[in-house]
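Me: I have a structure to study, and I want reasons, not labels. Can you take me through how each label is earned?

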Amino acid sequence: MGEDGAVTSAPQRPDGPTPMPRLIATDLDGTLLRDDKSVSPRTVAALAAAEEAGIEVFFVTGRPARWMDVVSDHVHGHGLAICANGAAVVDLHAGREFVQVRSLPRAAALAVVDALRTAAPGTSFAVELTTGINYEPAYPPFFKDPAARIATAEELLKEDTDGGAAPVLKLLAHHSELTPDEFLTLARSAAGEYASITRSSPTALLEISGHGVSKASTLALCCAERGISPAEVVAFGDMPNDVEMLSWAGTSYAMGNAHPDVIAAASGRTVANNEDGVALVIEQILAERFARQQA
């Protein structure tokens with residue numbers, strides 16, 4: 001996922017004293033996970049130590065709930081994770097049960113499809129539902145789903161007159177010729193009035209959510225329920241879909257492999273995901289807490 005020169009030295013800490021956090025919010029791919037999609041033993045230990053110290057950990061990812069098995073064993077306490085870029089809060093202790101859904105209205109999704117077909121001919125689409133993913137014939141799915149329905153986006157998004165259709169979590173848009181950032185800029189200009197548009201893939205693959213739905217806005221709701229302020233949150237990320245979350249959190253770290261926009265948004269920087277950058281910062285936070293308790 002890396003899009004910038006990797007940081008391999010010690011983390012660059014935010015200026016001024018860092019308050020002891022009550023919650024750690026971390027992205028997964030390119031951030032907490034190594035490139036082979038594993039969670040290192042060091043990271044497992046750091047997450048467990050944070051929870052033991054009374055710091056809640058939230059995984060905040062663009063992944064759908066069905067792709068959360070990689071970290072299900074490492075969720076403690078509340079068991080909740082924020083998935084699909086904020087469109088869903090799921091309970092990993094209860095078999096990935098949906099606790100909250102912030103859907104993309106089908107009419108808005110259709111407006112985005114129409115706008116992008118005009119602004120970026122050759123765009124293909126997929127529709128991520130609470131029940132799984134469906135896609136157009138030209139869309140290149142990363143993982144083939146034998147249960148997927150294949151049809152045009154217009155057909156896939158057709159309103160169910162009986163109101164029984166599964167909620168749309170996000171619309172995915174792929175382009176084979178534009179660069180990722182070109183496609184993102186173009187899409188926001190052409191269709192940003194209808195939905196929130198971001199990206200986390202190194203390819204020209206956009207992730208489109210309901211207007212105002214983001215990792216940041218759903219994390220803010222979860223924190224408000226717990227009486228946790230932004231100043232008490234430490235966040236980690238690497239790609240454009242993390243920018244709002246890193247800007248919202250009181251303390252935030254861009255990974256050493258992060259996109260330039262993420263580096264600009266974060267208040268600090270840690271080493272790359274393959275070097276356990278999240279674990280390194282957590283270890284430092286806990287060491288500082290211990291030192292203060294001993295003072």
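Reply: What follows is a set of short questions and answers on cysteines, one helix and one sheet. Keep in mind that this is a predicted model.

Me: How many disulfides does a search of the whole structure find?

Reply: Zero.

Me: Why is cysteine 83 not bonded to the closest cysteine sulfur?

Reply: A disulfide needs two cysteine sulfur atoms within 2.5 Å. The closest cysteine sulfur to that of cysteine 83 belongs to cysteine 222, and it is 11 Å away, so the gap is too far for a bond.

Me: What about cysteine 222, and which cysteine sulfur is nearest to it?

Reply: That of cysteine 223, at 7.0 Å. The cut-off is 2.5 Å, and cysteine 222 is in no disulfide.

Me: What makes cysteine 83 count as buried?

Reply: Buried means under 20% relative accessible area. Cysteine 83 has 1% relative accessibility, so it counts as buried. Cysteine 222 is buried too, because its relative accessible area is 3%.

Me: Cysteine 222 sits in helix α7. Which residues of that helix are buried?

Reply: Helix α7 covers residues 215-225, and its buried residues are Lys215, Ala216, Thr218, Leu219, Cys222 and Cys223.

Me: How do you know that they line one face?

Reply: Look down the axis of α7. The buried residues fall within an arc of 165°, so they line one face of the helix. The general rule helps here: an α-helix has 3.6 residues a turn, so residues three or four places apart point the same way. The face turned away from the buried side of α7 carries the exposed residues Ala224 and Glu225.

Me: What do the buried residues of α7 pack against?

Reply: They pack against strands β1, β2, β3, β4 and β11, and against helix α8.

Me: What makes serine 214 a cap of α7?

Reply: A side-chain oxygen of serine 214 lies 3.3 Å from the backbone nitrogen of alanine 216, at the N-terminal end of α7. The limit for a polar contact is 3.5 Å, so this pair falls within it.

Me: Now the sheet. In what order do the strands run?

Reply: Eight strands form an open sheet in the order β5-β4-β3-β2-β1-β11-β12-β13, and the pairing is mixed.

Me: Why are β5 and β13 said to stand at the edges?

Reply: Each has a single partner strand, so one side of each is left without a neighbour in the sheet.

Me: How do you know that β2 and β3 pair?

Reply: Pairing takes at least two bridges. Two bridges join β2 to β3, so these parallel strands meet the rule. Phenylalanine 59 stands opposite alanine 81 in β3.

Terms used:
Residues numbered from 1 in each chain as written. Predicted model: local features only at pLDDT ≥ 70, side-chain atom pairs only at ≥ 80, totals over all residues. Heavy atoms only, no water. Buried < 20%, exposed > 50% of the residue type's maximum accessible area, 1.4 Å probe, protein only. Helix = DSSP H or I, 4+ residues; strand = E, 2+ residues; numbered from the N terminus. Arc of directions from axis to C-beta. Contact = heavy atoms within 4.5 Å. Polar contact = N/O pair within 3.5 Å; in protein donor to acceptor, adjacent residues only side chain to side chain.
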